[in-house]
Amino acid sequence: MSRPTLYIAITNHGFGHAVRVSSVAAKIQELNPDILLIITTTAPRWLLESYITGDFIHRPRAFDVGVVQADSLNMDKDATLEKLREIRKKQNSLIASEVTFIKQNRVGLVLADIPPLATRMAAAAGVPCWMMSNFGWDFIYRDWGGEFVEMADWIGECFGMCDRLFRLPLHEPMPAFPNIQDVGLTGGNPRYTNEKIREVFGIETPLEKTVLLTFGGLGLEEIPYQNLQQFSDWQFITFDAGSPDLPNLIKVKNQEFAQSFPILPRPVDIMPVCGRLVSKPGYSTFAEALRLEIPVVSIRREGFAEAAVLLEGIQNYAEHQILTATEFFEGDWEFLRQPLHPPCLSDKLDKNGTEDIAQAVVDYFS
């Protein structure tokens, strides 16, 4: 008997999609180690391995473009449209090569987040396609209007072939999907104790004066790090390897820390020792913060329809501050000394999305 095989396709955009699927993949592996994972993404292997500790096959392929960006806030719509046209033009050959691979490897199920062509690949290979997301790319592109509307229609047709959508919290309606199952928040769980993190990184500040700066895999070009000098009795933590050397800024990716951990900590490992995180709108960061009930300070993100939905969710369910780009890039960061706003709603979001999606996959194969 060959092993049950799950083919996971991840959108070619930033790190957030890879993070949330990897948390699900890790849980699948924990529930049934016999399931073989084939993870198809251009995200780096080290990112996947920071969540998935067991074996998997990494297949570097891209089936969509997401949005072409210089960094986490700045988008290139012209380049995005050009790449979208190219993918649409080549879709038949892209699908054909993957169908061959899927059949040769006896894949039993495709799980995608959320490249539209995955549905057509699965259909052509004769296997179901399940998807997980809080938005579809049709939602992003349709908001841009013009020539993107035609692309949104094409993508909506692809999503219409999805057999089952696990719709994550902080979502748009996602009307293109015929079969929607709402689930809870996804994300990883902290791997190390707070004591271990504080000891290795030498964190001595109280919670309310310890701040995580995290802007996703694409980072930001011009973080005004000079503002940190006005907070000498605060501790800031960053994953930005290019950040300056400052006495109150810890760089997690510094080699001196690597020997203290079997796997270098991720943002989710650092969050519990912080009184707040400063970020941009991104589902994976927000979801992990909401799971751990960490306050969120976020910059607004213009021109990206998902951002408004995410920020509304943060205002509803987390202690928060929402900043304009001017306040973040040109201000003196006095917002850090201001009290956080309480969540607008008293309800809590379900935190079991990772577990529920993973269990559904395991049940399917059993």
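The following exercises, each with a worked solution, concern the predicted model shown above.

**Exercise 1. Overall form of the chain**

Determine how many helices and strands the chain contains, and decide whether its radius of gyration agrees with that of a compact globule.

*Solution.*
Step 1. Count the elements: the chain has 14 helices and 13 strands.
Step 2. State the expectation: for 366 residues, a compact globule would have a radius of gyration near 21 Å.
Step 3. Compare: the chain has 20 Å, which agrees with that expectation.
Step 4. Add the dimensions: along the principal axes, the C-alpha atoms fill a box of roughly 60 × 50 × 40 Å.

**Exercise 2. Burial, surface and charge**

State what percentage of the residues count as buried, and describe the surface and the charges of the chain.

*Solution.*
Step 1. Burial: 56% of the 366 residues count as buried.
Step 2. Surface: about 15,400 Å² is exposed, and carbon and sulfur atoms supply 47% of this area.
Step 3. Contacts: among contacts with a separation of 6 or more, 66% join residues 24 or more positions apart.
Step 4. Charges: the chain carries 33 positive and 47 negative charges, and their mean positions lie 6 Å apart.

**Exercise 3. Two strands with covered faces**

For strand 2 and strand 12, determine which residues lie on each face, and name a pairing strand for each.

*Solution.*
Step 1. Recall the principle: side chains in a regular strand alternate between the two faces of the sheet.
Step 2. Apply it to strand 2, residues 36-40. Leu-36, Ile-38 and Thr-40 lie on one side, while Leu-37 and Ile-39 lie on the other.
Step 3. Check the burial: five of the five residues of strand 2 are buried, and both faces are therefore covered.
Step 4. Find the pairing: strand 1 (residues 5-10) runs parallel to strand 2 and is joined to it by five bridges. Within this pair, Tyr-7 stands opposite Ile-38.
Step 5. Repeat for strand 12, residues 296-299: Val-296 and Ser-298 are on one side, Val-297 and Ile-299 on the other, and all are buried.
Step 6. Find the pairing: strand 11 (residues 276-279) pairs with strand 12 in the parallel sense over three bridges. Ser-279 has Ser-298 as its bridge partner.

**Exercise 4. Classifying three residues**

Decide whether Phe-135, Leu-249 and Asn-316 are buried or exposed, and identify residues that each contacts.

*Solution.*
Step 1. Fix the cut-off: a residue is buried when its relative accessible area is under 20%.
Step 2. Phe-135 occupies the loop between strand 5 (129-133) and helix 6 (137-144). Its relative accessible area is 2%, so Phe-135 is buried.
Step 3. Beyond its neighbours up to four places away in sequence, Phe-135 touches His-17, Ile-114, Ile-140, Glu-172, Met-174 and Glu-306.
Step 4. Leu-249 belongs to strand 10 (residues 249-251). At 8% relative accessibility, Leu-249 is buried.
Step 5. Leaving aside neighbours within four places in sequence, the contacts of Leu-249 include Leu-213, Tyr-225, Phe-236 and Pro-244. Leu-249 and Trp-234 are 15 residues apart in sequence, and their C-alpha atoms are 9.0 Å apart.
Step 6. Asn-316 is part of helix 12 (residues 305-317). Its relative accessibility is 16%, and Asn-316 therefore counts as buried.
Step 7. Neighbours within four places set aside, Asn-316 is in contact with Pro-343, Cys-344 and Leu-345.

**Exercise 5. Backbone geometry**

Identify where the backbone departs from the common pattern at Ile-114, Arg-106 and Glu-293.

*Solution.*
Step 1. Recall the pattern: most peptide bonds are trans, and most residues other than glycine have a negative phi.
Step 2. Examine the bond from Asp-113 to Ile-114: this peptide bond is cis, with omega near -15°. Ile-114 lies in the loop between strand 4 (109-113) and helix 5 (117-125).
Step 3. Examine Arg-106: its phi is positive, near 50°. Arg-106 sits in the loop between helix 4 (91-104) and strand 4. With a relative accessible area of 60%, Arg-106 is exposed.
Step 4. Examine Glu-293: its phi is also positive, at about 60°. Glu-293 is located in the loop between helix 11 (283-292) and strand 12. Its relative accessible area of 49% makes Glu-293 partly exposed.

Terms used
Residues are numbered from 1 along each chain as its sequence is written. This is a predicted model: local features need pLDDT of at least 70, side-chain atom pairs count only at pLDDT 80 or more; totals for chains, interfaces and linings use all residues. Side-chain values use heavy atoms; hydrogens and water are left out. Helices (H or I, at least four residues) and strands (E, at least two) are DSSP runs, numbered from the N terminus. The radius of gyration is taken over C-alpha atoms; the globule rule is 2.2 Å times the number of residues to the power 0.38. Buried means under 20% relative accessible area, exposed over 50%, partly exposed in between (1.4 Å probe, protein chains only). Contact means heavy atoms within 4.5 Å. Accessible areas come from the Shrake-Rupley method with a 1.4 Å probe; for residues, only the protein chains shown count as cover. Lys and Arg count as positive and Asp and Glu as negative; His and the chain ends are not counted. The place of a charge is taken as NZ of Lys, CZ of Arg, CG of Asp or CD of Glu. Two strands pair if DSSP finds at least two bridges between them.
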